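Subject: Structure for you to look at

Hello,

Here is the structure I promised to pass on. Please open it alongside this note, and then read on for what turned up.

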Amino acid sequence: YYIYKVRLAIFILLLPAFLYAQKSHIILDSLNKAFEESNHDSIKARLMLKIGNENGKKNPFKAKANYEKAIAYAIAASSKGWQAKAINNLGIIHMNQGDLNIAYDYFNQSLNLREEINDEFGIAGSLNNIGIIYMYQGNYDKAMEFFFKSLKLRERLGNNNGVANTINNLSLIHISEPTRPE
């Protein structure tokens, strides 16, 4: 009876992970099928971004390859928006792996593309990401400069989730930064 209860408890604990893995597999299969059936580079870029996002949950190396393919399709489609998103996502992967200088370069590339097409939501996100890099490097003044630029833009756009995210980052600086003399 005891072994039965232990097995049942283990099954119950592992069930969500199993279901998530199955869901992720189904999503990837659907995205890959749509990608193979697509004839348009802009659609292929968007689908490859989604495939990268799904792969990024478990395998950042696969996601990197997906984002690099997305960039190639976005360039072929002359879609600076999809290109900027894929470049930004590469920056996120490198940032999460601790490659801050590489991430910084990707975030700046993404910011430049977003400025070219006047993607204000994207610009605000890129500014926030650059601020995160500065914060991780301990350059709190520069981080705050970028966070405040992002915050101002997000407030003007009514992007409440973005505002909350940026305010959270500013609070992290307040917690992390050594006390300044008055």
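Which ring does the charged end of Lys-149 sit over? The ring belongs to Phe-146, and the charged end of Lys-149 lies 5.0 Å from its centre. Please keep in mind throughout that this is a predicted model.

**Overall layout**

The protein has eight helices and zero strands. Along the sequence the pattern reads α-α-α-α-α-α-α-α. There are 182 residues, and buried ones make up 39% of them. Take the contacts between residues at least 6 apart in sequence: 48% of these join residues at least 24 apart.

**Cores**

The largest nonpolar core has 22 residues. Met-95 and Phe-147 have the most contacts inside it. Four helices give two or more residues each to this core: H5 (100–116), H6 (120–136), H7 (140–157) and H8 (160–176). H6 gives the most, with eight residues.

Start with Met-95 if you want a way in. Leaving out residues up to four places away in sequence, Met-95 touches Leu-100, Ala-103, Phe-107, Ile-132, Ile-133 and Tyr-136.

Another core lies apart from that one. This second core has 18 residues, including Ile-51, Ile-71, Ile-87 and Tyr-106.

Ile-51 also gives a useful distance. Lys-62 is eleven residues from Ile-51 in sequence, and their C-alpha atoms are 9.3 Å apart in space. Lys-62 sits in helix H3. Its relative accessible area is 49%, so Lys-62 counts as partly exposed.

**Helix H4**

H4 has 17 residues. At 1.5 Å a residue, H4 should span 24 Å. Its end C-alpha atoms are 24 Å apart, so the two values agree.

Which residues of H4 are buried? They are Gln-83, Ala-84, Ala-86, Ile-87, Asn-88, Asn-89, Leu-90, Gly-91, Ile-93, His-94 and Met-95. Helices H2 (41–56), H3 (60–76), H5 and H6 are among what covers them. Just after H4 comes Gly-98, with a positive phi of about 85°.

**Salt bridges**

How many salt bridges does the structure hold? There are seven. Here are some of them.

- Glu-37 and Lys-33: the side chains meet with 4.0 Å from N to O. Both belong to helix H1 (residues 2–37), and being four residues apart there, they are separated by about one helical turn. Glu-37 is exposed, at 55% relative accessibility. Lys-33 is exposed too, with a relative accessible area of 54%.
- Lys-57 and Glu-54: the closest N and O atoms are 3.1 Å apart. Glu-54 is at 9% relative accessibility, so this acid counts as buried.
- Lys-80 and Glu-116: the N to O distance is 2.4 Å. This pair links distant parts of the chain, with Lys-80 in helix H4 (residues 80–96) and Glu-116 in helix H5, 36 residues apart. Lys-80 is partly exposed, with a relative accessible area of 36%. Glu-116 is exposed, at 51%.

There is also a network. Lys-142, Glu-145 and Lys-149 are joined by salt bridges that share partners. So Lys-149 appears twice in this note: in that network, and over the ring of Phe-146.

**Aromatic rings**

The structure holds two aromatic pairs. In one of them, the ring centres of Tyr-104 and Tyr-134 are 5.6 Å apart. Why is this pair called edge-to-face? The planes of the two rings stand at 75°, and planes over 60 degrees apart count as edge-to-face.

This pair too links distant parts of the chain: Tyr-104 is in helix H5 and Tyr-134 in helix H6, 30 residues apart. Is each ring residue buried or partly exposed? Tyr-104 is partly exposed, at 25% relative accessibility. Tyr-134 is buried, at 11%.

Phe-146 comes back here as well. Ring pairs link Tyr-104, Tyr-134 and Phe-146 into a cluster. Phe-146 therefore belongs to that ring cluster and also lies under the charged end of Lys-149.

Best wishes

How values were computed:
Residues numbered from 1 in each chain as written. Predicted model: local features only at pLDDT ≥ 70, side-chain atom pairs only at ≥ 80, totals over all residues. Heavy atoms only, no water. Core = buried A, V, L, I, M, F, W, Y, C linked by side-chain atoms within 4.5 Å. Buried < 20%, exposed > 50% of the residue type's maximum accessible area, 1.4 Å probe, protein only. Contact = heavy atoms within 4.5 Å. Expected span 1.5 Å × (residues − 1). Phe/Tyr/Trp six-rings, centres within 6.5 Å; stacked < 30°, edge-to-face > 60°. Lys NZ or Arg CZ within 6 Å of the ring centre and 35° of its normal.
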